[in-house]
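Subject: Structure for you to look at, with notes

Dear colleague,

Here is the structure I promised to pass on to you. Please open it alongside this message, since the notes underneath are meant to be read with the residues in view.

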Amino acid sequence: MDIKDVENLAKLARIELKEEEKKELLSDMDSILGYVRQIEEVNVEHSVFNSANNNVWREDEIKTREFSRELTTSQFPDSQDGFLKVKKIL
Amino acid sequence: MINLTTLTISKARKALDAKEFSAVDLASAYLAEIEKKNKELNAYLEVYDDVLDQAKIADEMLAKGESFPLLGIPLAIKDNILIKGRKASSASKILENYVASYDATVIAKLKKQGAVFLGRTNMDEFAMGGSTENSAFGTTRNPHDASRVAGGSSGGSIAAVAANLALGALGTDTGGSVREPASFCGIVGMKPTYGRVSRYGLMAMGSSLDCIGPVAKNIEDAKIIYQAIFGHDVLDSTTILDDLKNLEPITYHLKAKVIGVPWDLVNGEGIDAKVKENFMQSIKKLESLGFKIKDINLKNLDAALAVYYIIMPAEASTNLARFDGVRYGLHQDGKNLLEDYMFSKGTGFGKEVRRRILLGTYVLSHGYYDAYYGKAHNVRNTLKQEFMKAFADVDLIATPTAPFIAWKIGEKNDPLSVYLADIFTVTANIVGVPAISIPSGFSEVEGKKLPLGIQFMAPHGREDFLFEIGQEFEKLQKASL
């Protein structure tokens with residue numbers, strides 16, 4: 001890994017990083033990846049675990065849940081006429 | 001004066017029902033204690049201003065002759081669990097002023113019983129860490145030695161209960177975040193079976209690992225909290241159906257009284273000699289109770305931590321993508337929407353959170369997915385099978401809870417050395433089994449008596465085994481003091 005990789009990951013994750021932090025993160029990533037890479041050595045077959053968790057289905061019924069519209073909309077960083085306002089996308 | 005040091009939930013229940021003291025008296029006693037100690041310990045991020053009003057409602061219920069196990073009991077709630085109309089920040093700047101718009105299912109259940117919420121407790125930001133040093137709002141200190149960490153990530157909830165700032169608490173455990181601090185602070189912390197407790201209204205970190213668990217002074221109290229919060233929930237489709245009826249009866253006794261110990265791991269490198277010594281003493285005590293100790297050799301157990309530090313950041317990076325400054329939380333304005341995202345996340349997330357998001361993004365990215373995430377899943381499945389096999393021969397598996405005692409604040413700078421604290425706890429999350437940490441004595445370090453804990457893991461769905469061994473172990477512990 002090099003600084004370019006860290007920058008690319010930060011871009012993918014939409015996180016702004018300062019220059020000095022990029023270096024720190026590079027060395028942290030190297031040490032953590034160095035540790036977790038030990039699973040390469042583990043010899044296991046490709047396996048699909050027969051989990052006890054089954055697919056969960058429910059009827060498509062309308063049920064009202066108790067959300068507070070007021071609490072939700074009051075936290076919009078920007079709004080207009082009760083709608084969430086975001087910057088132009090196109 | 002109510003003696004908070006010796007008070008337990010079950011004792012308080014009796015006293016409240018017998019009108020020896022009121023819920024308001026009890027809540028006031030805790031508020032006074034919080035006032036005295038929280039400044040130093042930093043266990044609570046916020047103490048609610050309506051605690052006495054909540055207690056009054058509990059007293060009204062009591063006056064009507066109602067009684068629930070947690071009616072009028074003052075509890076502390078970890079800051080990543082939503083309570084409608086109250087702040088929930090996950091100890092992060094990005095959610096510093098976020099107000100929850102609904103109740104988590106566990107909260108709704110506690111409210112129904114008339115429990116009193118004292119406040120929200122400190123934690124590692126988004127539950128990422130083992131010491132609460134990653135909180136954006138300061139570290140929680142260990143009540144046994146304020147120069148040391150309380151553990152984490154549920155450090156605030158655990159320190160609150162250990163220092164008599166709450167009678168019980170809720171924490172969350174993704175890789176040991178209830179059990180490790182419980183061990184560091186000398187109380188009981190439990191991680192139920194994956195899916196046993198609803199996570200509706202819990203901020204997700206590693207969705208295939210996260211569990212909400214009880215924090216209490218003893219096994220009986222942990223059981224009371226557990227029984228109040230467990231159960232299937234249509235709002236969380238990962239909860240398991242209440243198939244308890246199909247299990248052998250709850251009064252059942254550990255069948256063969258055999259406890260497995262993965263000696264390879266316990267005797268491995270990096271385990272503090274004091275921890276090992278204390279564990280050996282615990283094992284002797286268990287033998288004196290008539291338990292047979294069996295060496296279990298799980299081939300891939302030592303890979304569990306590596307598996308964990310691939311799967312957890314992968315899931316966390318996905319879950320935390322939602323915090324983008326658009327709908328709620330911190331918003332930093334940029335020239336365009338992309339800059340809004342970059343700046344909001346860049347300033348809102350702390351260092352460890354950024355680290356894990358990048359790590360997760362890496363192991364999920366094209367070209368690395370198979371080598372890391374895919375492989376980790378295969379190893380995880382194999383480990384699950386090894387555990388199921390092991391439980392055919394043993395009732396429980398025991399290990400120390402943590403490989404060392406609580407460290408000095410600021411002592412561990414390198415992230416990997418903190419990750420290694422999870423060596424014994426992550427496995428239960430990876431395979432989904434229930435596990436508990438129980439106080440197993442003290443070790444004297446620099447003139448301070450610091451607590452240690454023993455961890456028991458049980459087969460899927462057998463929380464009752466943990467309570468049973470816990471009660472027996474607790475009795476022995478008391479007798480040996």
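The notes below go through what was found, beginning with the interface and then turning to individual residues.

Please keep in mind throughout that this is a predicted model.

**The interface of chain B and chain A**

On the side of chain B, 65 residues are in contact with chain A, and on the side of chain A the contacts involve 47 residues. The area buried between the two chains comes to about 4900 Å², and carbon and sulfur atoms give 67% of that area. The rule finds five salt bridges across the interface of chain B and chain A, and one that you can look up directly joins Glu24(A) to Lys351(B), where the closest N and O atoms are 2.6 Å apart. Polar contacts add to this picture, with 13 residue pairs found across the interface of chain B and chain A, both residues of each pair being at pLDDT 80 or more. The elements of chain B that give two or more residues to the side touching chain A are the helices H10 (304-319), H11 (337-348), H12 (351-363), H13 (370-393) and H14 (415-419). Of these, H13(B) supplies the largest share of that side, namely eleven residues. Sorted by character, the residues of chain B that touch chain A divide into 36 nonpolar, 15 polar and 14 charged.

**Aromatic pairs**

Over all chains, a search of the whole structure finds 18 aromatic pairs. One of them is formed by Phe184(B) and Trp407(B), which meet edge-to-face, at 5.7 Å centre to centre and with 85° between the planes. Because Phe184(B) lies in helix H6 (residues 179-185) and Trp407(B) in the loop between strand S11 (396-400) and H14 of chain B, the pair ties together parts that are 223 residues apart in sequence. Phe184(B) counts as buried, at 1% relative accessibility, and Trp407(B) is buried as well, with a relative accessible area of 2%.

Another pair, Tyr226(B) with Phe467(B), is tilted, with 5.6 Å centre to centre and 55° between the planes. Here Tyr226(B) belongs to helix H7 (residues 219-229) and Phe467(B) to helix H16 (residues 463-480) of chain B, so this pair ties together parts that are 241 residues apart in sequence. Tyr226(B) is buried, with a relative accessible area of 5%, and Phe467(B) is buried, with a relative accessible area of 4%. Chain B also holds an aromatic cluster, formed by Tyr98(B), Phe126(B), Phe323(B), Tyr328(B) and Phe349(B).

**Thr174(B) and Lys448(B)**

Thr174(B) sits in the loop between strand S6 (168-173) and H6 of chain B, and with a relative accessible area of 3% it is buried. Its side chain makes a polar contact of 2.6 Å with the side chain of Asp210(B). Leaving aside neighbours within four places in sequence, the residues in contact with Thr174(B) include Met205(B), Leu209(B), Asp210(B), Tyr308(B) and Asn429(B).

Lys448(B), by contrast, is partly exposed, with a relative accessible area of 36%, and is found in strand S13 (residues 448-457) of chain B. Not counting residues up to four places away in sequence, Lys448(B) touches His144(B), Asp145(B) and Ser443(B).

**Backbone points to check by eye**

A cis peptide bond, with omega about 10°, joins Gly152(B) and Ser153(B), and Ser153(B) is found in the loop between strand S5 (145-149) and helix H5 (155-162) of chain B. Asp81(A), although it is not a glycine, has a positive phi of about 50°; Asp81(A) is placed in the loop between strand S1 (79-80) and strand S2 (83-84) of chain A and counts as exposed, at 70% relative accessibility. In Ala127(B), likewise a residue other than glycine, phi is positive and near 65°. Ala127(B) is found in the loop between strand S3 (116-121) and strand S4 (141-142) of chain B, and at 4% relative accessibility Ala127(B) counts as buried.

With best wishes

Methods. Residues are numbered from 1 along each chain as its sequence is written. Chains are lettered from A and ligands numbered from 1 in the order in which they are written. Side-chain values use heavy atoms; hydrogens and water are left out. Contact means heavy atoms within 4.5 Å. Buried area is the accessible area (1.4 Å probe) that two parts lose on being put together, summed over both. A salt bridge is a side-chain nitrogen of Lys or Arg within 4 Å of a carboxyl oxygen of Asp or Glu. A polar contact is a pair of N or O atoms within 3.5 Å; within protein, one must be able to donate a hydrogen and the other to accept it, and residues adjacent in sequence count only if both atoms are side-chain atoms. Helices (H or I, at least four residues) and strands (E, at least two) are DSSP runs, numbered from the N terminus. Ala, Val, Leu, Ile, Met, Phe, Trp, Tyr, Cys and Pro count as nonpolar, Asp, Glu, Lys and Arg as charged, and the others, Gly among them, as polar. Buried means under 20% relative accessible area, exposed over 50%, partly exposed in between (1.4 Å probe, protein chains only). Rings of Phe, Tyr and Trp (its six-membered ring) pair if their centres lie within 6.5 Å; planes under 30 degrees apart count as stacked, over 60 as edge-to-face and the rest as tilted.
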